Amino acid sequence: MTYKAIVIDKNPDYTATLTNLTEDQLPEGDVKIDVIASTMNYKDALAITNKNPVVRTFPLTPGIDLVGKVTESQSTRFKVGDTVVLNGFGVGEVHSGGLAEKASLKSDWLIHLPKSISPVDAMTIGTAGYTAMLSIIALEKHGLTPESGKILVTGATGGVGSFAVSLLTKLGYEVIAATGKASEHEYLYQLGAKEVIDRHELSEKGKPLQKMRWVGAIDSVGSNTLVNVLASTEYGGCVAACGLAQGFDLDGTVMPFILRNVTLRGVDSVMRPLPDRIEAWSRLAELIDPATLANIRTEITLDEVIESANKIINGEIKGRLVVKI
């Protein structure tokens with residue numbers, strides 16, 4: 001039996017092609033899956049275009065997210081016919097992933113897809129929505145509630161940021177959204193933001209302590225932005241850091257931590273333990289509106305993946321690209 005897959009190789013030149021593979025070319029794994037849908041993340045686009053050295057094993061099928069039906073299982077957790085979802089664990093980087101008709105994965109990487117979420121909706125959510133939910137849970141576990149005060153979301157028009165604004169609003173929080181895209185202010189207000197600020201207020205080097213403006217924040221930007229976010233966080237507040245779009249440096253001081261008792265919480269989505277994944281997806285099942293997801297996604301096929309990767313790198317894609325397989 002053959003199946004279609006995007007394959008990245010380096011022999012010696014770096015290539016990404018849509019090709020046919022045989023099932024005996026599937027990687028090791030105790031669960032085999034017929035893939036229903038995947039999604040195109042920025043990391044997948046980087047892998048396909050080789051704009052950044054994301055792929056570390058060759059040959060490899062990219063795709064850090066997937067939903068599929070189990071066709072074979074050596075795991076007691078899953079049986080044939082189960083619908084499962086995968087995010088991260090190095091899949092699409094060191095282990096072949098979701099941009100194929102079939103996949104073979106470790107059961108420790110998989111969870112059951114909540115019944116109220118369709119496979120296409122799950123891939124519209126993808127790692128972006130899953131990371132946003134993990135970040136919100138981090139703020140909640142710190143003790144923040146809608147009554148605590150305003151929550152800032154940086155990189156608000158990005159995948160994580162957009163979901164964070166929408167989910168926080170649905171939970172009753174007053175959201176401040178930071179963006180550098182003046183044309184997208186209306187989009188952020190539609191998502192539920194009560195206030196939109198220019199990202200340049202945060203992106204330059206600032207004072208160690210600044211006027212307190214929010215009790216919590218979800219930051220996907222890093223660098224000077226994260227330093228300024230911390231400097232403007234209220235006493236006892238919490239900042240969930242989940243990205244580094246501006247940079248991975250953190251050239252700040254300890255003053256927000258020791259003078260205002262601010263907490264900085266790191267949010268990893270790639271190696272997150274299964275209980276955290278199950279909690280996040282269960283919460284997403286409660287909060288996500290399928291009609292909203294339908295409005296932000298474009299569906300493509302495997303044949304369109306390589307062309308779409310270049311469009312993502314060039315900033316030509318808005319919303320979410322779901323690959324129906």
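Trainee: Which backbone oxygen lies 2.8 Å from a polar atom of the side chain of S73?

Mentor: Happy to start there, bearing in mind that this is a predicted model. S73 belongs to strand β4, residues 65–73, and its contacts beyond four places in sequence are D30, V31 and F78. A polar atom of the S73 side chain lies 3.1 Å from the backbone nitrogen of S75. The backbone oxygen that sits 2.8 Å from a polar atom of that side chain is the one of F78.

Trainee: How far apart in space are S73 and I33, C-alpha to C-alpha?

Mentor: S73 is partly exposed, because its relative accessible area of 27% falls between the 20% and 50% cut-offs. Along the sequence, S73 and I33 are 40 residues apart. In space, their C-alpha atoms are separated by 8.9 Å.

Trainee: Is S104 buried or exposed?

Mentor: Let's place it first: S104 is in strand β6, which covers residues 102–105. Setting aside residues up to four places away in sequence, S104 touches L26, P27, E28, G29, V31, K32 and H95. Its relative accessible area is 0%, so S104 is buried.

Trainee: Which residue has its backbone nitrogen 3.4 Å from a polar atom of the S104 side chain?

Mentor: A good place to look is the list of residues that S104 touches, which includes E28, G29 and V31. The backbone nitrogen lying 3.4 Å from a polar atom of the S104 side chain belongs to G29.

Trainee: How do the axes of α2 and α8 run relative to each other, roughly parallel or roughly perpendicular?

Mentor: Two packed helices are described by the angle between their axes and the distance between the axes. Helix α2 spans residues 119–142 and helix α8 spans residues 274–287; their axes are 9 Å apart, at an angle of about 105°. Because angles of 65 to 115 degrees count this way, α2 and α8 are roughly perpendicular.

Trainee: How many nonpolar residues does the contact of α2 with α8 have?

Mentor: On the α2 side, the residues involved include I125, Y130, M133 and L134. On the α8 side, they include A280, W281, L284 and L287. The contact has 6 charged residues and 2 polar ones, and the nonpolar count is 10.

Trainee: How many of the 9 residues of helix α6 are buried?

Mentor: Helix α6 covers residues 223–231, and its buried residues include S223, N224, L226 and A231. These buried residues pack against the helices α5 and α7 and the strands β8, β11, β12 and β13. The helix is largely enclosed by the rest of the structure, because the number of its 9 residues that are buried is 9.

Trainee: What is the distance in space between L191 and L167, C-alpha to C-alpha?

Mentor: L191 lies in helix α4, residues 185–191, and counts as buried at 16% relative accessibility. Aside from neighbours within four places in sequence, L191 is in contact with S162, V165, S166 and T169. L191 and L167 are 24 residues apart in sequence, and their C-alpha to C-alpha distance is 8.8 Å.

Trainee: What is the radius of gyration of the protein chain?

Mentor: The chain has 10 helices and 15 strands. For 325 residues the globule rule gives 20 Å, and the chain's value is close to that, so it is as compact as a globular protein of that length. The radius of gyration is 20 Å.

Definitions and conventions: Residues numbered from 1 in each chain as written. Predicted model: local features only at pLDDT ≥ 70, side-chain atom pairs only at ≥ 80, totals over all residues. Heavy atoms only, no water. Axes fitted to C-alpha atoms, helices over the stretch in contact; angles between N-to-C directions. Helix = DSSP H or I, 4+ residues; strand = E, 2+ residues; numbered from the N terminus. Parallel < 35°, antiparallel > 145°, perpendicular 65-115°, else oblique. Contact = heavy atoms within 4.5 Å. Nonpolar A, V, L, I, M, F, W, Y, C, P; charged D, E, K, R; others polar. Buried < 20%, exposed > 50% of the residue type's maximum accessible area, 1.4 Å probe, protein only. Polar contact = N/O pair within 3.5 Å; in protein donor to acceptor, adjacent residues only side chain to side chain. Rg over C-alpha atoms; globule rule 2.2 N^0.38 Å.
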